[in-house]
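Work through the exercises below with the sequence and the model open. Each task is followed by a solution in steps.

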Amino acid sequence: MTLIPTFDLVIRNVRIEEDGALLDIAVQGGRIAEIRSGIRCEAIEDVDGEGAFAFGGFVDTHIHLDKACILDRCTICEGTLAEAVRETARAKSGFDEEDVYRRAARVVEKAISHGTTRMRSFVEIDPRAGFRSFEAIKRIRSDYAFAVDIEICAFAQDGLTNEPQTWDMLDAALSNGADLVGGCPYTDPDPLGHIELIFALARNHDVCVDFHLDFSLDAERTDLPAVVEATHRHGWEGRVAIGHVTNLSAIPKADVLKIADSLAAAGIALSVLPATDLFLNGRSHDLLVPRGVAPAHVLASRGVVSSIASNNILNPFTPYGDASLLRMANLYANVAQLSRDEDLSCVFGMVSDLAARQLGHDTGLKTGADATIVLLDSPGPRSAIREIARVIACWKGGRRSFDNSKPRIHNPR
Ligand SMILES: [Zn+2]
């Protein structure tokens, strides 16, 4: 007599590649025990995936939970970067911990419902925000750990050399629960001094660095070479990310490829943030408004760890948003005019596996891996991007964290 094994969970009839064979995924003790077709077993939770595409979940490498959902207290007249920074700086003086918690929870719950299982949130820590946003996002990180792993990046949005108190506050946050440090050289009167001060914090606390960088359409004005040089000088290869770098959209492709090679050699990752970049760039143009979105797929093709991320949700930087990375990936593919299968596979990777690598994780589904599994109503990743597939369900560490029962059409006839 053959003993039939019993698992905690089995998800049957799913695909793990585009139009691939139907497989079953068995889970035990929060880990994937087996992936193959026709697993004979009993399970506490037995799910029919009905041909869904299964993968390890979306990863948002760059989001600002602390300043999300503040359109009710901001005015947008110009739609420029300068106005967004100014309006948000004014609004954040009035943030209290409960207010930040409520707004961030709204965004995190939306992200969970859109299949996000990991994110890096920037949190502004400076004399205006105090530690109130930081305390709120630490509670969010803990309260939503059942569904999403949140990294906190202690972030200097409004400069450092002009406001030395911010450096001390970031230093304190890094001793008190922040996971990494983030800088923004283009809002500092001394961008190169800013980069050095951020690296000093990273070295003191042995943490990764994430810069908002080169947010303009000016090909000549760039802090990128300084970040590459500092990364090598400090031995921080593989521990630095940069976001926006919209001026890469204003640089000839041959030069972009050279920059890509220097980023790949320095192990510097790139987050492209299409919703914000499209909204804020090119405001001086009446006609033929430039897109201002860095060609992340081109950099990825040269070995740069690249991702597509949300950045801002419902604030003066981006007065839209639902925290859906699949929608963001579709937006990027549309703006970058991509249609070939290999390009769409790359785009899916930039919100899943490649994005996870940027945060130092592996979300691939394989035996022995963490059983964080998301099902999409789609035959595979490329179709999911093209159609913005519905997210059906998520399990984090083998435990169900989200469920979206099948929509039904009610025909009255
Ligand atoms: Zn940002």
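**Exercise 1.** State how many salt bridges there are between domain 1 and domain 2, and place them in the contact.

Solution.
- In this predicted model, 3 salt bridges are counted between domain 1 and domain 2.
- Set the bounds: domain 1 is assigned 6–56 + 364–403, and domain 2 is assigned 58–358.
- Take K396 and D149, which form a salt bridge with their closest N and O atoms 3.3 Å apart. This meets the definition, because the cut-off is 4 Å.
- Residue pairs in polar contact between the two domains number 7.

**Exercise 2.** Describe the area buried between domain 1 and domain 2 and which residues of domain 1 lose the most.

Solution.
- About 1700 Å² is buried between the domains, and carbon and sulfur atoms hold 69% of it.
- On the side of domain 1, the most area is lost by R382, I385 and K396, together 36% of what that side buries.
- By element, β5 (53–55), β14 (373–376), α13 (381–387), β15 (391–396) and β16 (399–403) each supply at least two residues of that side.
- The most comes from α13, with 5 residues.

**Exercise 3.** Give the strand order of the open sheet of 8 strands and explain why β6 and β13 each have one side without a neighbour.

Solution.
- The order is β6-β7-β8-β9-β10-β11-β12-β13, with parallel pairing.
- β6 (58–63) and β13 (306–308) are at the edges and have a single partner strand each, so one side of each lacks a neighbour in the sheet.
- From one strand to the next, the twist averages 25 degrees.
- As one pairing, β11 (residues 240–244) and β12 (residues 268–272) run parallel, joined by 4 bridges. There, I242 has L270 of β12 as its bridge partner.

Note on methods: Residues numbered from 1 in each chain as written. Predicted model: local features only at pLDDT ≥ 70, side-chain atom pairs only at ≥ 80, totals over all residues. Heavy atoms only, no water. Pairing = 2+ DSSP bridges. Axes fitted to C-alpha atoms, helices over the stretch in contact; angles between N-to-C directions. Domains from an automatic or database assignment. Buried area = accessible area lost by both parts, 1.4 Å probe. Salt bridge = Lys/Arg side-chain N within 4 Å of Asp/Glu carboxyl O. Polar contact = N/O pair within 3.5 Å; in protein donor to acceptor, adjacent residues only side chain to side chain.
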